[in-house]
Every structure is written in structure tokens, then in C-alpha cells.
Amino acid sequence: MARGKIAIRRIENPASRQVTFSKRKSGLIKKAKELAILCDAEVLVTIFSSTGRLYEYSSSSMKSIFDRYNEEKEHHQLLTPSSEARLWQTEAERLRQQMDHLQENYRRLKGEELSGMRISDLDALENQLEMRLKNIRTKKARKSLPYPIFTSVFNISRAFTFLQEKMLTDEIEELNQKRALIHHENIELSKKITLVQHENRQLLKKGYGAIDIRKEEGSFSGQANSCVPVHVNRSEEDEIRLGLQLQ
């Protein structure tokens with residue numbers, strides 16, 4: 001037999017009302033537990049009976065749920081249409097002031113509108129520009145290196161080793177160039193020595209020819225003078241040869 005529908009109104013009988021309260025309270029707390037477990041929700045149930053007795057259930061810390069409830073309540077109370085409009089107007093004004101400040105700093109960094117600035121402000125601006133220029137030069141120097149330098153110790157060590165190898169390679173290349181230049185100079189000197197030796201041989205031939213002529217003249221004069229031979233010693237030949245070389 002189907003159960004009849006119960007009218008939702010206050011139960012006049014205190015005993016029946018207390019029984020219904022106990023049953024409905026237990027069912028409500030059971031449903032709250034199921035909702036918290038099944039849906040991963042934060043649930044807080046607070047019940048006061050007609051006699052003033054407190055019954056409660058919370059899926060987590062009751063204080064944290066109350067604090068969250070109060071924050072959300074304050075937030076919704078503050079965000080009325082008029083307060084929300086004022087909030088956005090204040091935020092827009094703040095952003096506008098910030099934009100004006102940034103534009104003013106940008107113009108000053110470009111060297112514009114400096115007439116109204118004090119000496120201290122100009123010094124601060126100069127220091128700021130020097131620091132930025134120093135940072136730019138540092139980054140440029142790092143990028144110009146043939147090998148990227150990183151902040152880790154391993155990469156710094158590799159970069160240092162690479163630079164040392166490059167310096168040694170440059171020195172070896174420079175020494176090879178000097179060796180090639182010296183070799184070329186030696187070849188030129190060898191050619192000059194060969195030329196001088198050839199000239200000396202020609203001069204020696206001329207000198208010995210003159211000595212032979214003098215010997216022949218001496219032989220003829222010796223025959224005319226009872227055939228007394230003319231003797232040319234070795235020192236005289238050396239003097240002739242030395243004189244030809246000096247010429």
C-alpha cells in the first residue's frame with residue numbers, strides 16, 4: 001500500500017514533533033556526508049532544535065568553512081553594481097597614472113623634457129643610463145665571443161679551455177708565418193751568396209790571367225838578362241786576389 005503524502009506544516013504534538021525531528025535530522029546529516037564524499041564538496045550543517053540544542057556536521061574544519069563563508073559574504077556585499085563601478089574606475093585611474101609615469105620616464109630616457117628636473121633627479125637618471133649601458137655592453141661582449149659563456153661552472157671551464165686553445169692556435173699560426181718569412185729570406189741570401197761566389201770566380205780567373213802574363217814577360221826579360229827567372233811568391237798572388245775582390 002502506497003504511503004500517503006504528509007502535509008508540510010508544524011506538528012502540534014510535541015512527542016511526534018520530537019520523533020520527526022530526530023529522524024529528519026539524522027537523514028539530513030547522512031545526506032550531507034554523502035554529498036561531501038561523492039562530490040568532493042565542503043559541507044557544513046548547523047541545526048538548533050526547538051529546545052535550543054545544537055547539532056552540527058562539517059566535512060572539514062568548521063572554522064575554515066566559516067571563514068570562507070564570511071569572506072565570500074563580504075565579497076558579495078562589496079561588489080554591488082555601484083561599488084563595482086567605483087572599483088573599476090579606481091583601477092582605471094591607477095593604470096592611467098602608471099601609464100603617464102612610464103611615458104614620462106621613457107621621454108626622459110630619450111633625453112626629452114629635462115628642463116624641469118632637479119640636479120638630484122638628473123644624477124639619478126645619469127646613473128640609471130650608465131648602468132643600462134654597462135649591461136648592454138656586457139651582453140654584447142658575451143654575444144661576440146666565439147663560444148657561448150654560461151653561468152654554470154662546467155660551461156665556464158669549457159669556454160676558458162676553448163679560449164686557451166684559440167690563443168695557442170693563433171701563436172702557432174704567427175710562428176709559421178715568421179718561419180715562412182725567414183725561409184724566404186734565406187733563399188734570397190743563398191742567391192746573393194751564389195752570385196758573389198760567381199763574381200769572385202770571374203775575378204780570380206782574371207787575376208790568374210794577369211799573373212800568367214807577368215810570368216811570360218819575366219821569362220822574356222830573363223832570357224835577355226842571362227836567363228834569370230822571375231819568381232812570383234804566394235803572398236803576391238794573395239794580394240792580387242784580395243785586390244780583385246775589393247774591386
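The following exercises, each with a worked solution, concern a predicted model of a protein chain.

**Exercise 1. Overall composition**

Determine how many helices and strands the chain has, and in which order the elements run.

*Solution.* Begin with the count: the chain contains six helices and two strands. Next, read the elements from the N terminus, which gives the order α-β-β-α-α-α-α-α. Then consider burial: of the 247 residues in the chain, 10% are buried. Finally, take the contacts between residues at least 6 apart in sequence; 23% of these join residues at least 24 apart.

**Exercise 2. Confidence of the model**

State what average pLDDT the chain has, and what the model contains for residues 223–233.

*Solution.* The pLDDT averages 76 over the chain. A score of at least 70 is reached by 72% of the residues. Over residues 223–233, by contrast, pLDDT stays under 50. For this stretch the model has six contacts beyond four places in sequence.

**Exercise 3. The geometry of helix H1**

Compare the reach of H1 with the span expected for its number of residues.

*Solution.* First, locate the helix: H1 covers residues 14–39 and has 26 residues. Second, take the distance from its first C-alpha to its last, which is 37 Å. Third, set this beside the expected value: at 1.5 Å a residue, 38 Å is expected, and the reach of H1 is close to that.

Now turn to the two ends of the helix. At its start, a side-chain oxygen of Asn-13 comes to within 3.2 Å of the backbone nitrogen of Ala-15. After H1 comes Asp-40, with a positive phi near 50 degrees.

**Exercise 4. The buried side of H1**

Identify which residues of H1 are buried and which strands they pack against.

*Solution.* The buried residues of H1 are Lys-25, Ile-29, Ala-32 and Ala-36. To interpret their spacing, recall that an α-helix has 3.6 residues a turn, so residues three or four places apart point the same way. The buried residues of H1 pack against E1 and strand E2, the latter spanning 54–58. One of the buried residues, Lys-25, also meets an aromatic ring: its charged end sits over the ring of Tyr-55, 4.6 Å from the centre.

**Exercise 5. Classifying by accessibility**

Decide whether Asp-40, Leu-35, Gln-18 and Ser-49 are each buried, partly exposed or exposed.

*Solution.* The cut-offs are needed here: buried means under 20% relative accessible area and exposed means over 50%, with partly exposed in between.

- Asp-40 has a relative accessibility of 73%, and therefore counts as exposed. Asp-40 lies in the loop between H1 and strand E1 (44–48).
- Leu-35 lies in helix H1. Its relative accessible area is 43%, so Leu-35 is partly exposed.
- Gln-18 also belongs to helix H1. With 43% relative accessible area, Gln-18 is likewise partly exposed.
- Ser-49 has a relative accessible area of 11% and is therefore buried. Ser-49 is placed in the loop between E1 and E2.

**Exercise 6. Neighbours in space**

Find which residues Ser-49 and Leu-35 contact when neighbours within four places in sequence are left aside, and how far apart the C-alpha atoms of two sequence-distant pairs lie.

*Solution.* Under this condition, Ser-49 touches Phe-21 and Tyr-55. Leu-35 is in contact with Asp-40, Ala-41 and Val-43.

For the distances, take Gln-18 and Ser-50: they are 32 residues apart in sequence, and their C-alpha atoms are 9.0 Å apart. Leu-35 and Ser-59 are 24 residues apart along the chain, with a C-alpha separation of 9.5 Å.

Conventions: Residues numbered from 1 in each chain as written. Predicted model: local features only at pLDDT ≥ 70, side-chain atom pairs only at ≥ 80, totals over all residues. Heavy atoms only, no water. Helix = DSSP H or I, 4+ residues; strand = E, 2+ residues; numbered from the N terminus. Buried < 20%, exposed > 50% of the residue type's maximum accessible area, 1.4 Å probe, protein only. Lys NZ or Arg CZ within 6 Å of the ring centre and 35° of its normal. pLDDT = per-residue confidence, 0-100. Contact = heavy atoms within 4.5 Å. Expected span 1.5 Å × (residues − 1). Polar contact = N/O pair within 3.5 Å; in protein donor to acceptor, adjacent residues only side chain to side chain.
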